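User: I'd like a close look at a single part of this protein, the metal site and what surrounds it. Could you walk me through it as you would for a colleague at the bench?

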Amino acid sequence: MRCPICRKETDASPANRFRPFCSERCRTRDLGAWAGENYRVAGRETEDVEHPDDCPAPKKIIH
Ligand SMILES: [Zn+2]
């Protein structure tokens, strides 16, 4: 397999503790990309669930 960050050939065995990345540097870069919202589009579905503004709670009228 290849590192998703730098595309370098990567050890996919459990011996590589940075899987799927080739090194700690690339793993950190990936986390930084998440923080920088580069992956925001991929996470939109989750975001919609967190803000269910389209579904107001039904009001109960108790007499
Ligand atoms: Zn890499």
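Analyst: **The zinc site and its surroundings**

The protein has two helices and zero strands. Please keep in mind throughout that this is a predicted model. As a backdrop, 14% of the 63 residues of the protein count as buried. The accessible surface comes to about 5,900 Å², and carbon and sulfur atoms make up 53% of that surface. Among the contacts in the protein with a separation of 6 or more, 5% are between residues 24 or more positions apart.

Now to the metal itself. Which residues hold the zinc ion? Its protein donors are the SG atoms of C3, C6, C22 and C26, at distances of 2.3 to 2.4 Å. The angles among these four donor atoms run from 106 to 118°, and the site is tetrahedral. Along the sequence, the donor residues follow the spacing C-x2-C-x15-C-x3-C. Within this set, C3 and C26 link distant parts of the chain: C3 sits in the segment before helix 1 (24–35), C26 sits in helix 1, and 23 residues separate them.

How covered are these cysteines? C3 and C26 are both buried. For C3 the relative accessible area is 0%, and C3 counts as buried because that value is under the 20% cut-off. C6 has a relative accessibility of 34%, and because this lies between the 20% and 50% limits, C6 counts as partly exposed.

With several cysteines in view, you may wonder about sulfur-sulfur bonds. A disulfide is a covalent bond between the sulfur atoms of two cysteines. How many disulfides does a search of the whole structure find? The number is zero.

Let's move on to the residues around the site, beginning with T10. T10 belongs to the segment before helix 1. Its relative accessibility is 8%, which means that T10 counts as buried. Setting aside residues up to four places away in sequence, T10 touches M1, R2, C3, N16, P20, F21 and C22. Two of the residues in that list, C3 and C22, are zinc donors.

N16, one of the partners of T10, is also found in the segment before helix 1. Is N16 buried or exposed? N16 is buried, because its relative accessible area of 9% falls under 20%. Beyond its neighbours within four places in sequence, N16 is in contact with T10, D11 and F21. One link here is polar: a polar atom of the N16 side chain lies 2.7 Å from the backbone oxygen of D11.

That brings us to D11, in the segment before helix 1. D11 has a relative accessible area of 41%, which means that D11 is partly exposed. Not counting residues up to four places away in sequence, D11 touches N16 and R19. Its side chain also makes a polar contact of 2.9 Å with the side chain of S13. Measuring from C-alpha to C-alpha in the model, D11 is 7.0 Å from C22, with their positions eleven residues apart in sequence. C22, as noted above, is one of the zinc donors.

Two points of backbone geometry deserve a look while you have the model open. The peptide bond joining R19 and P20 is cis, with an omega of about -5°. P20 lies in the segment before helix 1, and P20 is among the residues that T10 touches. The other point is R7, which has a positive phi of about 65° although R7 is not a glycine. R7 is in the segment before helix 1, and R7 counts as exposed because its relative accessible area of 56% is over 50%.

Finally, a residue on the helix side. R25 lies in helix 1, the helix that also holds the donor C26. At 62% relative accessibility, R25 counts as exposed, because the value is over 50%. The C-alpha atoms of R25 and I5 are separated by 9.6 Å, and the two residues are 20 residues apart along the chain.

Putting the picture together: four cysteine sulfur atoms surround the zinc ion in a tetrahedral arrangement. T10 is buried and touches C3 and C22, while N16 is in contact with both T10 and D11.

Methods:
Residues are numbered from 1 along each chain as its sequence is written. This is a predicted model: local features need pLDDT of at least 70, side-chain atom pairs count only at pLDDT 80 or more; totals for chains, interfaces and linings use all residues. Side-chain values use heavy atoms; hydrogens and water are left out. Donors are N, O and S atoms within 2.8 Å of the metal (3.2 Å for Na, K and Ca); water is not among the atoms, so sites may look incomplete. Four donors count as tetrahedral if all angles lie between 85 and 135 degrees; four count as square planar and six as octahedral if opposite donors are over 155 degrees apart and all others between 65 and 115; anything else is irregular. Helices (H or I, at least four residues) and strands (E, at least two) are DSSP runs, numbered from the N terminus. Buried means under 20% relative accessible area, exposed over 50%, partly exposed in between (1.4 Å probe, protein chains only). A disulfide is a pair of cysteine sulfur atoms within 2.5 Å. A polar contact is a pair of N or O atoms within 3.5 Å; within protein, one must be able to donate a hydrogen and the other to accept it, and residues adjacent in sequence count only if both atoms are side-chain atoms. Contact means heavy atoms within 4.5 Å. Accessible areas come from the Shrake-Rupley method with a 1.4 Å probe; for residues, only the protein chains shown count as cover.
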